[in-house]
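Colleague: Thanks for sitting down with me. Could you take me through this model and tell me how each label was earned?

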Amino acid sequence: MHLADEAATLQLGKQLATILHPGLTVFLYGELGAGKTTLVRGILRGFGHQGKVRSPTYNLVEIYKFSRLYLYHFDFYRLNDPAEWEEAGFREYFNQASICLIEWPEKATGVLRTADLNITLTYSGTGRIVKIDAETEAGKRCLAHWQSLKLR
């Protein structure tokens with residue numbers, strides 16, 4: 001799907017928030033500046049977050065709480081060794097009460113579980129192309145639900 005600008009990326013994030021539920025892990029791929037954090041900002045807005053959304057590049061994770069849901073926004077760009085992930089205690093964040101959104105998941109290869117959804121953003125002129133793939137049954141159900149909502 002083509003995203004013309006930042007507003008379209010935010011809108012896609014809001015739409016994705018309607019299908020994301022606790023227990024999901026989402027990997028976000030793309031070059032620097034491709035719109036990964038902007039997409040997360042849209043997802044957070046879709047969940048009702050009104051505050052600032054910071055990229056967790058330096059502290060590796062930003063935590064957002066919505067009622068009984070925890071949303072963890074990871075950015076592993078500065079992760080030098082996948083063992084750092086384990087040492088930081090991040091494994092406990094991946095549970096049935098949370099949604100984990102991970103930028104630069106390839107930096108933690110071997111320690112992360114399989115993503116339910118993979119979202120890839122690539123440059124296309126001044127816009128972006130986004131590709132969303134499901135890797136698990138839970139991810140496939142999310143995409144099927146999204147398709148049914150788009151058809152209404």
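Modeller: Gladly. Buried means under 20% relative accessible area, exposed over 50%, and partly exposed in between. Asp-116 has 7% relative accessibility, which is under 20%, so Asp-116 counts as buried. Please keep in mind that this is a predicted model.

Colleague: What makes Arg-113 and Asp-116 a salt bridge?

Modeller: The rule asks for a side-chain nitrogen of Lys or Arg within 4 Å of a carboxyl oxygen of Asp or Glu. For Arg-113 and Asp-116 the N to O distance is 3.6 Å, so the pair qualifies. Unlike buried Asp-116, Arg-113 is partly exposed, with a relative accessible area of 36%.

Colleague: How many salt bridges does that rule give?

Modeller: The count comes to four. Among them is the pair of Glu-6 and Arg-41, whose closest N and O atoms are 3.8 Å apart.

Colleague: Why do you say that Glu-6 and Arg-41 tie parts of the chain together?

Modeller: Glu-6 lies in helix 1 (residues 6-17) and Arg-41 in helix 2, so their salt bridge links parts that are 35 residues apart in sequence.

Colleague: And why are Glu-6 and Arg-41 called partly exposed?

Modeller: Glu-6 has a relative accessible area of 48% and Arg-41 has 22%. Each value falls between the 20% and 50% limits, so partly exposed is the label for both.

Colleague: Which helix holds Glu-137 and Lys-140?

Modeller: Both lie in helix 4 (residues 137-151), three residues apart, which is about one turn of the helix. Glu-137 and Lys-140 form a salt bridge too, with the closest N and O atoms 3.6 Å apart. Lys-140 is partly exposed, at a relative accessible area of 44%.

Colleague: Now for Lys-36: why does it have no salt bridge?

Modeller: The nearest side chain of opposite charge is that of Glu-103, 4.5 Å away. The salt-bridge limit is 4 Å, so this pair does not qualify. Lys-36 is buried all the same, and its place is in helix 2 (residues 36-46).

Colleague: What does the side chain of Lys-36 have as a polar partner?

Modeller: A polar atom of that side chain lies 2.9 Å from the backbone oxygen of Gly-30. Setting aside residues up to four places away in sequence, Lys-36 touches several others, including Tyr-29, Glu-103, Trp-104 and Leu-121.

Colleague: What makes Thr-38 buried?

Modeller: Thr-38 has 16% relative accessibility, which is under 20%, so it counts as buried. Thr-38 also lies in helix 2. Beyond residues up to four places away in sequence, Thr-38 touches Glu-6, Thr-9 and Leu-10.

Colleague: Stepping back, how do you know that the chain agrees with a compact globule?

Modeller: With 152 residues, a compact globule would have a radius of gyration near 15 Å, and the protein chain has 15 Å, so the two agree. The C-alpha atoms fill a box of roughly 45 × 35 × 30 Å along the principal axes. Buried residues make up 47% of the 152 residues.

Colleague: Which pattern do the helices and strands follow along the sequence?

Modeller: The chain has four helices and seven strands, and they run β-α-β-α-β-β-α-β-β-β-α. Among contacts between residues at least 6 apart in sequence, 63% join residues at least 24 apart.

Key
Residues are numbered from 1 along each chain as its sequence is written. This is a predicted model: local features need pLDDT of at least 70, side-chain atom pairs count only at pLDDT 80 or more; totals for chains, interfaces and linings use all residues. Side-chain values use heavy atoms; hydrogens and water are left out. Helices (H or I, at least four residues) and strands (E, at least two) are DSSP runs, numbered from the N terminus. Buried means under 20% relative accessible area, exposed over 50%, partly exposed in between (1.4 Å probe, protein chains only). Lys and Arg count as positive and Asp and Glu as negative; His and the chain ends are not counted. A polar contact is a pair of N or O atoms within 3.5 Å; within protein, one must be able to donate a hydrogen and the other to accept it, and residues adjacent in sequence count only if both atoms are side-chain atoms. Contact means heavy atoms within 4.5 Å. The radius of gyration is taken over C-alpha atoms; the globule rule is 2.2 Å times the number of residues to the power 0.38.
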